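Colleague: Could you take a close look at one part of this protein's surface for me? I would like to know which residues make up the nonpolar patch there, and how far I can trust the model around it.

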Amino acid sequence: MFDSAIPWFTPARRARIAFPVEIALGAWLALAILLNQQWWGGVVQGALNVILATSFGLAVITHRVRPGLAVIAIVTGGLAFVLTFLVGGGPNNGFAFLAAALVLFGTAAYGSPAIRLVGLALSVFAAATVLVTIVAFVGANYTAGVGYVLNQGLWLLASALIALLPWVLGELVRSIRNRRQLSATVATVSTQRDAAVTRADLEAERTRVARDVHDIVAHSLTVVIAQADGARYATAGDSPAAADAFETIAQTARDALADVRVLLTELRHTQEAGPQPGLTDLDALLDSMRESGLALEVREFGDRGRLTEARALALYRIVQESLTNALRHGDGAATLELEWGEQAVDLVVTNGAAADTPESKDPGHGIDGMRERASLAGGELSVHEGAVFRVRARLPLEVELAEVPA
């Protein structure tokens, strides 16, 4: 039963239960204080008793949720308590002292630094008042023996400690709560750090695997394609069947190479599922860059050739990264040149560096990412940095099979 009750008693549920309990406790203490006060002082005594009971009850109700209001209420009730002495009241109402102890505990456990200092001052004042009262009482009985004086001295020390005890207990509760919160924060940060390290290790492993696959498979498929095309042309006149077989080998290898390029891109760059941008989205990208404030001039030469999905994505991302860098770190203007050849597309993005932008020693990951994208797509990329920032990239186009003469 207790094992099921512990998870059920969460901090949020405990907070919802605590306030109604505090309201009931405050109302009960207010009634108990009121019934235990002396009433022979007439109307003034009755009014002071009501103020005393109401203030102390309100202080108990708000000692956790509003410690500052509880301090004001307890001071008001304390003044009313002192004024009852003038009309014949006595300081023997234990319920009033219990309410004061709860409020002093709340100032230390739940109050702000200023409220905690006020609570400490009230605790010290209460301890000093107890000391003065007992010393005055012992002094009035100076004819008593040594044992009586020693007994009163011990009671003096104990009373002073009891007056300070609620505030000390509140500080202890605050320290325990802060330590638990700190432990929870440390655990959360440690978990996030471990997750980040795991992601970094996974990304490094993905990068290593992508490079290995690129070096082994992609390069090997390229050799297979070249050899198959050569054999196809060499055997076209003597054996049409063999030429067809070599054509099938070359085309299959090309398709496999395109699939490998896509796989390597996805393996190296973590991307969300769904369609990726390509050549059809390039014009929209350029328009969005202009709308963002970049003075962009585009020069495109030749007819757009055929790019595989992986190479079209690489071209889009390289243009996007280059123009974003020009917008963020450049002088507000950039030039994009696209030259479509028979075997490759050449990309050049040029922009001037901003006059008030200091040179950064850390180039970030954007340039390395563009180089890796170009390399995985079978191309190359270079960057020139200085007063003029220039990105050059070259990506191969999909080669169309030539007609083999019969």
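Modeller: Happy to! Accessible areas here come from the Shrake-Rupley method with a 1.4 Å probe. On that basis, the accessible surface of this predicted model comes to about 23,900 Å², and carbon and sulfur atoms hold 64% of that surface. Of the protein's 406 residues, 33% count as buried.

Now to your patch. Leu 165, Val 168, Leu 169, Leu 172 and Ile 176 together form a nonpolar surface patch of about 400 Å². Let's pick out Ile 176, which sits in helix α7, a helix covering residues 146–235. Its relative accessible area is 31%, so Ile 176 is partly exposed. Patch members need over 30% relative accessible area, so a residue at or below that value would not be counted.

For the wider setting, the protein has 11 helices and five strands. Among its contacts with a separation of 6 or more, 71% are between residues 24 or more positions apart.

As for trust, the average pLDDT of the protein is 78, and 78% of the residues score at least 70. Two stretches deserve care. Residues 360–364 stay under 50 in pLDDT, and the model gives them zero contacts beyond four places in sequence. Residues 401–406 are also below 50, although this stretch has 10 contacts in the model beyond near neighbours in sequence. Where pLDDT is low, the predicted coordinates should not be read in detail.

Terms used. Residues numbered from 1 in each chain as written. Predicted model: local features only at pLDDT ≥ 70, side-chain atom pairs only at ≥ 80, totals over all residues. Heavy atoms only, no water. pLDDT = per-residue confidence, 0-100. Contact = heavy atoms within 4.5 Å. Patch = residues over 30% accessible without salt bridge, like charges linked within 9 Å, V, L, I, M, F, W, Y side chains within 5 Å. Salt bridge = Lys/Arg side-chain N within 4 Å of Asp/Glu carboxyl O. Helix = DSSP H or I, 4+ residues; strand = E, 2+ residues; numbered from the N terminus. Buried < 20%, exposed > 50% of the residue type's maximum accessible area, 1.4 Å probe, protein only.
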